[in-house]
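Here is a friendly walk through a small fold, to be read with the model open beside the text. Please take a look at the chain before reading on.

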Amino acid sequence: MQIRTHDSNLIRRLMALSNEYQAICRLVETDQNSGAYFEVMDKSRVSIHVTKPYSAERRQRQSEWAKALGVKAELKK
C-alpha cells in the first residue's frame, strides 16, 4: 500500500512509525512541496476516518461541556 500526502500531521505520524518499525512502514521519497511518499507493508496499520464538519450548535455544546469540566485549565498544566 502506498500513501502520498501533504498533511504534516500524517507525515509526522508515519515518520514515527517508520522510524520505529522499518519492516511495516518506510519513507520512499519527499517532494519539493512538503509532500511525502510512504510504503506501508501491512495496510491494517492504517485507517482513514472521515467525519462531517460539526454544526455550530454541536460546537457550542462541546464548548460549554469543556468549560463546565475545566478542560482548558487541565490542558494548561
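In the hairpin of β2 and β3, five residues lie between the strands, and one of them, S34, takes a positive phi near 65°. S34 is not a glycine, yet its phi is positive. Most residues other than glycine have a negative phi. Is S34 buried or exposed? S34 counts as exposed because its relative accessibility is 56%, where exposed means over 50% relative accessible area, buried under 20% and partly exposed in between, with a 1.4 Å probe and protein chains only.

A word on the source: this is a predicted model, in which local features need pLDDT of at least 70 and side-chain atom pairs count only at pLDDT 80 or more, while totals for chains, interfaces and linings use all residues. Residues are numbered from 1 along each chain as its sequence is written, and side-chain values use heavy atoms, with hydrogens and water left out.

Now to the sheet. Helices (H or I, at least four residues) and strands (E, at least two) are DSSP runs, numbered from the N terminus. Three strands form an open sheet in the order β1-β3-β2, with antiparallel pairing; two strands pair if DSSP finds at least two bridges between them. β1 (2-5) and β2 (25-30) are the edge strands, each pairing on one side only. On average, neighbouring strands of this sheet are turned by 25° against each other, direction ignored. Strand β3 (residues 36-40) is joined to β2 by five bridges, and four bridges join β1 to β3. Some of the opposite residues are listed here.

| Residue | Opposite residue in β3 |
|---|---|
| Q2 | E39 |
| R4 | Y37 |
| C25 | V40 |
| T30 | A36 |

Burial follows the strands nicely. In β3, four of the five residues are buried, leaving this strand mostly covered. Along β1 the side chains alternate: I3 and T5 point to one face and are buried, whereas Q2 and R4 point to the other and are not.

What lies across the strands? Helix α1 (residues 8-20) lies across β1, β2 and β3, running at about 130° to β2. Such axes are lines fitted to C-alpha atoms, for helices over the stretch in contact, with angles from 0 to 180 degrees between N-to-C directions.

Which residues make up the largest nonpolar core? Eight do: I3, I11, L14, I24, C25, A36, F38 and V40. Both α1 and β3 give two or more residues to this core, and β3 provides its largest share, three residues. A nonpolar core here is a set of buried Ala, Val, Leu, Ile, Met, Phe, Trp, Tyr and Cys residues joined through side-chain atoms within 4.5 Å. In soluble globular proteins, nonpolar side chains tend to be buried together.

C25 deserves a second look. Leaving aside neighbours within four places in sequence, C25 is in contact (heavy atoms within 4.5 Å) with L14, L17, S18, F38, E39 and V40.

Lastly, R58 lies over the face of Y54, at 4.0 Å from the ring centre; this requires NZ of Lys or CZ of Arg within 6 Å of the ring centre and within 35 degrees of the ring normal.
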